[in-house]
Amino acid sequence: MELAVKSFLLLATALYLLLKLTAYLLIAHQNRIFAKSHNCLPPGRLPSSFLGLSNWVRLTRAAKRGDILDHIVSRFPIYGNTWKGRILFGTSIGTIEPENIKAILATSFKDFDLGPQRHDNFYPLLGDGIFTLDGAGWEHSRANLRPQFSREQVSDVEALELHVQRLMNRLPEGDGEVADLQPLFYCLTLDSATEFLLGESVDSLLSPELNPTGAARGGKEEMSFAQAFNVSQAYLVQRSRLRELYWIINPKRFRDANAIVHRLIDRYVDMALHPEKRARKAPEGKYVFLDAIAAETKDPKYLRDQTLNILLAGRDTTAGLLGFTFWLLARHPHVYQKLREEILSAFGTGLNNEGKRPSFSALKNVTYLRYVLNETLRLYPSVPLNGRTAVRNTVLPRGGGEDGLSPVFIPKGQRVDYTCYGLHRRKDLYGEDADAFRPERWEEGVGRGWEFLPFNGGPRICLGRMFPHLLVIVVAVGRLLTPSVNRAIRPDRSLLHSYQDLAEICED
Ligand code: HEM
């Protein structure tokens, strides 16, 4: 009897393996036919050891050193603008080819999705929202949320002014004193975003202790919303580093931080659904994102998740842009001087608290400011790494063969990572000085089409790209460019470190 069971198990296992092998060979055969019929050739090969462990170890070491982006970008001159390699159990295709990125994000949009990790890794904090969903869920979110990003709704300069003023109040008084702007910018974007989303700011700029970068510290005291949101994000970064194994990191501190964030948002969701519970009424005519979406949908989880998705999408990206703009201005005094002169000549004393506030469109038309922002986003795009996964067999137009000009076959399930940080630094697209900060290059017509992608492109292009970040920076630039605050800039490695963190979180 025992022998019969053993024989049966052996036979079943052999049959299972045979079926698997046949399916594998069949798919490989179909893939070959598909690739041939589209004239595909293989791209450059990133060497790797068993299961891609060596590449993963190199990536992890680079992340620890704080130069993961330069590490990734250094592969392109060696293996080509599109390459394929093994990284921790899976294969990845890396590309900095505009034509390929256009295919992924626009022309072959339906052939790709965000991949399994984005939703599942972010779920404990973000749930189901526009930033984490694919397919019908994303389409529904996008259609519902898009009207909330019209110009009138997001260009409330007055609300921003209050937070900028508070930021200014935190700068040291004396001449020659230094201040670290980065934590202040993270607080500024949190305060202004919560005001836009919830109708009330969490006012982190008024708190005596700033904890902006989200170091997951110990301690028994309850975290504030700002701390909890930062702690959650810091854990999301750590989880992303483990790729498919993200779920291994799920400590109590992460769960507590998520619960604190959810509790606060739920309070506002409750008030949006039951306005009679509100202690203070929003001023007449004031736009509140949560109230606006609650007018359409009454599901509290939907409301919480979408609000948090927007907060995550818009907060660090904007703080990063602000931080890098000033970081670069501090190192390029001639650019700083030129920008200051242009702003002052356009608006005179209008920026100096004398009642006349420049209009939004006037601010948008300060050409040199636009060049400075473009150049900052070119060198330090807030989302430097990104990727998609093929949902069916498809093709990228470039990267195959010795010359890299043939199409590349992308099988169903294949991950493709595109790297704006590398794309934006290509010397053949931006010139030999592509690594230098030179806003004037924008006068020369660089960055056309799919060569410049700080906000993505195609149907998933950033919803908030037009206004809030621009307004925040403009108000801040206006204020910080006044002579009395020339002092407030300090170069700081921590800025670069948190940029790397952001890079990794977005890689998923
Ligand atoms: C400098 C500031 C910003 C940059 C560089 C930026 C960049 C991006 C990028 C690259 C994406 C695509 C992510 C992906 O699909 O993988 C994105 C998506 C998104 N962004 Fe922004 N963003 C910024 C500010 C904002 C702000 C302020 C908001 C809202 C208030 C916002 C809302 C969104 C939303 C909702 C999405 C998801 C769109 C979708 O999937 O349909 N962003 N952003």
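Which helix supplies the largest share of the shell around the ligand? The answer is α14, with six residues. The model shown in these views is predicted.

**Figure 1. The whole chain combines 21 helices and eight strands.**
The chain has 508 residues, and buried residues make up 42% of them. Contacts often link distant parts of the sequence. Among contacts between residues at least 6 apart in sequence, 74% join residues at least 24 apart.

**Figure 2. A shell of 22 residues surrounds the ligand.**
The closest of these residues are G314, T317, S382, C462 and G464. Two helices, α14 (300-331) and α20, each supply at least two residues of the shell. Six shell residues come from α14, the largest share. Sorted by class, the shell holds 11 nonpolar, eight polar and three charged residues.

**Figure 3. C462 sits in a loop between two helices.**
The loop runs between α19 (427-430) and α20 (468-480). In UniProt, an unreviewed entry places the feature "binding site" at C462. C462 is also listed among the residues closest to the ligand. Is C462 buried, exposed or partly exposed? It counts as partly exposed, because 17 other C-beta atoms lie within 10 Å; a buried residue would need 20 or more, and an exposed one would have 12 or fewer. Leaving out residues up to four places away in sequence, C462 touches F455 and N456.

**Figure 4. The largest nonpolar core has 63 residues.**
L197 and L290 have the most contacts inside this core. Helix α14 gives the most to the core, with 13 residues. Apart from this core lies another, of 34 residues. Its members include A35, F76, I104 and V395. In soluble globular proteins, nonpolar side chains tend to be buried together.

**Figure 5. L290 is in contact with eight residues beyond its sequence neighbours: L197, L198, G199, Y268, V269, A272, L303 and T307.**
Neighbours within four places in sequence are left aside here. One of the contacts is L197. L197 and L290 are the residues with the most contacts inside the largest nonpolar core.

**Figure 6. Strand β2 (residues 82-87) is largely enclosed by the rest of the structure.**
Why is β2 described as largely enclosed? Five of its six residues are buried, so the rest of the structure encloses most of the strand. Strand β1 (residues 44-46) pairs with β2 in the parallel sense, over three bridges. In that pairing, L46 has G85 of β2 as its bridge partner. Strand β3 (residues 90-95) runs antiparallel to β2, and six bridges join the two. Here T82 is bridged to T95 of β3. β2 and β3 form a hairpin with two residues between them. In the turn, L88 has a positive phi of about 40 degrees.

**Figure 7. Strands β6 and β7 form a hairpin with five residues between them.**
Strand β6 (residues 394-400) is mostly covered, with six of its seven residues buried. Strand β7 (residues 406-410) runs antiparallel to β6. Four bridges join these strands. One bridge pairs T394 with I410 of β7. G401, in the turn, has a positive phi of about 80 degrees.

Notes
Residues numbered from 1 in each chain as written. Predicted model: local features only at pLDDT ≥ 70, side-chain atom pairs only at ≥ 80, totals over all residues. UniProt positions renumbered as here; feature names shortened; annotations may be inferred. Contact = placed C-beta atoms within 7 Å. Near = placed C-beta within 6 Å. Nonpolar A, V, L, I, M, F, W, Y, C, P; charged D, E, K, R; others polar. Core = buried A, V, L, I, M, F, W, Y, C linked by C-beta atoms within 7 Å. Pairing = 2+ DSSP bridges.
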